[in-house]
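Hello,

Here is the structure I promised to pass on to you. Have a look at it first, and then read on for what turned up.

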Amino acid sequence: MVRFKFLPGFSFIIFFCFILFTVIGTLTHEIGHIAVAKYLGYKTTLSYGSMGYSQDFSQDEDVQEIKEISEPYINIDYEEWPEDVKLKLEALDKIVMERYPHNETYKLHELLITIGGPAQTLLTSFIGLLILFLRRKKWKEQFKVVDWLAVFMSLFSLREVFNFVQVSYYSLFNSESNFHADEYRISRYMGYNEWIIPTITLLIGLLISCYVIFKIIPIKYRFSFILSGLIGGILGFAMWFGFLGEVLFNL
C-alpha cells in the first residue's frame, strides 16, 4: 500500500529550492544562447527572461565615418540635411550592408543561437543524471546534498515539459500559432512542422523527470518532493516573470 507521507521541514526546503532553481534554470538557459552568440562573434545582452544579440559594427571604419558625418545633424529632421551629406551617408550605408549582409550564414547563426538555450538546459540535465549514475551505490544507501543537487540539475529538463504544456494551452484555448518558444522556432528554421522538435524535447523531459522522481528519489521523500516542487516551481515562475526579475535587472 502506497502511503502519502508529508514531511513539513523537508517540504519547506524543497519549496524554496524549486523557486531558486526556476530562476537559475531560466538564466542559465539564456546564457546558453549567449555562449553560442559570443562564440559566433555577436554582441549580446541578458535580461531576466530573454537575451539579445547583434553584430558589433562599432569598430568598422565606415560605421565610424557614418557616426562622424551624422553627429552635427542629429537634432535636425533628416529631410533637412544637406543633399551631399545624405548622398554620402547612403553610399556608406550601402557599403556597410554589403559587408554585413543578412544572408544564409546569418540564418544559420540564428538557428545555432536558438539551439543554444535548449541545448544548455538538456546538457545540464544529462550532467545531473551522470552524477547520479556515478554515485548510484552511495545514494542507494543515503541521499546526500550532492545527490539532491544532481536531482535538481536533472530536473532542468522539466522546462521542456512546462513549455509544451504552456504552448498547448495557448494553442487550444486562444487559437494561437507560430509560437516564439525556442523549440518551435528551431522546427520552423529546419523546415519541419513547428510541433516536431517540441514533441521530441517533451518526451526527453518526461523520461528524465519521471525516472528521477519515481526511480531515484527515495520513496519516503517522494510525495513531499512532488507537492512542494509543483507549488515552488509555479510560484518561482510567477514571481520571476511577474515582478522580481524585472526589479532586479533594473537596479
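One term before the rest: a nonpolar core here is a set of buried Ala, Val, Leu, Ile, Met, Phe, Trp, Tyr and Cys residues joined through side-chain atoms within 4.5 Å. Please also keep in mind that this is a predicted model.

With that in hand, the largest nonpolar core has 21 residues. Leu-132, Trp-148, Val-151, Leu-155, Val-212 and Phe-225 have the most contacts inside it. At least two residues of this core come from each of helix 1 (8-39), helix 4 (104-134), helix 6 (145-154) and helix 9 (196-216). If you want one residue to click on, try Val-212: leaving aside neighbours within four places in sequence, its contacts are Leu-129, Leu-132, Val-151, Ser-154, Leu-155 and Ile-217. There is also a second, separate core of eight residues, with Val-63, Ile-66, Ile-69 and Val-96 among them.

Now the overall picture. The protein has 10 helices and two strands, in the order α-β-β-α-α-α-α-α-α-α-α-α along the sequence. Its radius of gyration is 24 Å, whereas a compact globule of 251 residues would have one near 18 Å. Along the principal axes, the C-alpha atoms fill a box of roughly 85 × 40 × 40 Å. Of the 251 residues, 39% are buried.

As for the surface, about 15600 Å² is exposed, and carbon and sulfur atoms supply 64% of that. The side chains include 22 positive and 26 negative ones, and the centres of these two sets lie 25 Å apart.

Best wishes

Key:
Residues numbered from 1 in each chain as written. Predicted model: local features only at pLDDT ≥ 70, side-chain atom pairs only at ≥ 80, totals over all residues. Heavy atoms only, no water. Helix = DSSP H or I, 4+ residues; strand = E, 2+ residues; numbered from the N terminus. Rg over C-alpha atoms; globule rule 2.2 N^0.38 Å. Buried < 20%, exposed > 50% of the residue type's maximum accessible area, 1.4 Å probe, protein only. Areas by Shrake-Rupley, 256 points an atom, 1.4 Å probe, with all protein chains shown as cover. Lys, Arg positive; Asp, Glu negative; His and termini not counted. Charge placed at Lys NZ, Arg CZ, Asp CG, Glu CD. Contact = heavy atoms within 4.5 Å.
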